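Student: I am new to this structure. Let me look at it, and then I will ask about single side chains.

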Amino acid sequence: MRNVPEMFGSMVFSETVMKERLPKETYKALKRTREKGEPLDPQVANIVANAMKEWAVEKGVTHFTHWFQPMTGITAEKHDSFIYPVEDGKVIMEFSGKELIKGEPDASSFPSGGLRATFEARGYTAWDPTSDAFIKDGTLCIPTAFCSYGGEALDKKTPLLRSMNALNKQVLRILRLFGTPANRVNTTVGPEQEYFLIDEAMYKKRKDLVYTGRTLFGAKPPKGQELEDHYFGVIKPRVSAYMKDLDEELWKLGILAKTKH
């Protein structure tokens, strides 16, 4: 039996890890940025980047990526290694604050809603320090926002962050009217995820699933209680094994996967 408390969040550069690995003043400065939205000094970013790299390398990581959510319905990532050439044909592992804070992926191939011409291809990824970096498939993933040169949002995270800031500003204003002391209002949401498991052999026979990822033909879905015998039913061994593996991967990333049926 795996030690779940020890496993939970083990692949996340969490606040606990930051507190252990960052100098006291650096940790305080980063915490002010995360909690109060204060600008982050470039020198602080360099120290954070080095600590993040050292932590990741200890876990066998060789690459990092600015991980973002363009308007494609899936995530996007460009992987760069930590290696940096030195004399005698050798390399060292380096990761700078500049690489942590900003990236410049080609934005021309991502949907922009007609905001700009295709040849105006410059787009920027910007580190979101309020979201913890994590390790997935041997790569350090750094959550980022994705914007155009002119500041237009090209992703799903930027509007979310802007709406959270707007809520923070207005709720603080209302709290002051009622005489309630507060410095910042944090917005949270509880996720719920449904997924469907299909036997691989059966999946390959369904061209609609293979080519589109959804059902285009077949029997109409039941709208009544026709499948009530399945609901909260006994979980079959193959499905249970999948759920067990999924739980472990989610727990490593600090995701509170609690209920399954």
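Student: Is Glu248 buried or exposed?
Tutor: Residues are numbered from 1 along each chain as its sequence is written, and side-chain values use heavy atoms, without hydrogens or water. The model is predicted: local features need pLDDT of at least 70, side-chain atom pairs count only at pLDDT 80 or more, and totals for chains, interfaces and linings use all residues. Buried means under 20% relative accessible area, exposed over 50%, and partly exposed in between (1.4 Å probe, protein chains only). Glu248 has 15% relative accessibility, so the label is buried.

Student: Which side chain meets Glu248 in a salt bridge?
Tutor: A salt bridge needs a side-chain nitrogen of Lys or Arg within 4 Å of a carboxyl oxygen of Asp or Glu. Here the N to O distance is 3.2 Å. That fits the rule, so the pair counts. The partner of Glu248 is Lys244.

Student: Why are Glu248 and Lys244 separated by about one helical turn, and in which helix?
Tutor: Helices (H or I, at least four residues) and strands (E, at least two) are DSSP runs, numbered from the N terminus. Glu248 and Lys244 are four residues apart in one helix, so about one turn separates them. That helix, residues 237-252, is H9.

Student: What is the relative accessibility of Lys244?
Tutor: Lys244 does not share the label of its partner: Glu248 is buried, while Lys244 counts as partly exposed. Its value is 49%.

Student: Which residue forms a salt bridge with Glu249?
Tutor: Glu249 is partly exposed at 43%. Its partner lies three residues away in H9, about one turn of the helix. The partner is buried, at 18%. With the closest N and O atoms 3.3 Å apart, it is Lys252.

Student: How many salt bridges does the count come to?
Tutor: Side chains of opposite charge can pair when their charged atoms come close. Applied here, the distance rule gives a count of 16.

Student: How many residues apart in sequence are Asp132 and Arg34?
Tutor: These two form a salt bridge, with the closest N and O atoms 3.0 Å apart. Asp132 lies in the loop between strand E6 (123-127) and strand E7 (134-136), and Arg34 in helix H3 (residues 24-36). So the pair ties together parts whose separation in residues is 98.

Student: Which residues are linked with Arg34 in a network of salt bridges?
Tutor: Arg34 is buried at 15%, and Asp132 is partly exposed at 27%. Both belong to the network. The residues linked with Arg34 are Glu15, Lys31, Glu35 and Asp132.

Student: How many aromatic pairs does a search of the whole structure find?
Tutor: Rings of Phe, Tyr and Trp (its six-membered ring) pair if their centres lie within 6.5 Å; planes under 30 degrees apart are stacked, over 60 edge-to-face and the rest tilted. With that rule, the search finds seven.

Student: What kind of pair do Phe64 and Phe95 make?
Tutor: Their ring centres are 4.6 Å apart and their planes stand at 45°, so the angle decides the label. Phe64 is in strand E1 (residues 63-67), and Phe95 is in the loop between strand E4 (91-93) and helix H5 (97-101), 31 residues away. Both Phe64 and Phe95 are buried. The pair is tilted.

Student: At what angle are the ring planes of Phe68 and Phe146?
Tutor: The centres are 4.6 Å apart, and the pair is tilted. Phe68 sits in the loop between E1 and strand E2 (79-81), Phe146 in strand E8 (residues 139-148), with the two positions 78 residues apart in the chain. Phe68 is buried at 3%, and Phe146 at 0%. The angle is 40°.

Student: How many disulfides does the structure hold?
Tutor: A disulfide is a pair of cysteine sulfur atoms within 2.5 Å. The sulfur of Cys147 is 19 Å from the closest cysteine sulfur, in Cys141, so that is too far for a bond. The number of disulfides is zero.

Student: What accessible area do the residues of the nonpolar patch have together?
Tutor: Patches are made of residues with over 30% relative accessible area and no salt bridge, joining like charges within 9 Å or nonpolar side chains (Val, Leu, Ile, Met, Phe, Trp, Tyr) within 5 Å. Areas come from the Shrake-Rupley method with a 1.4 Å probe; for residues, only the protein chains shown count as cover. Helix H7 (200-205) and helix H8 (207-212) each supply at least two residues. Ile198, Met202, Tyr203, Val210 and Tyr211 together have about 530 Å².
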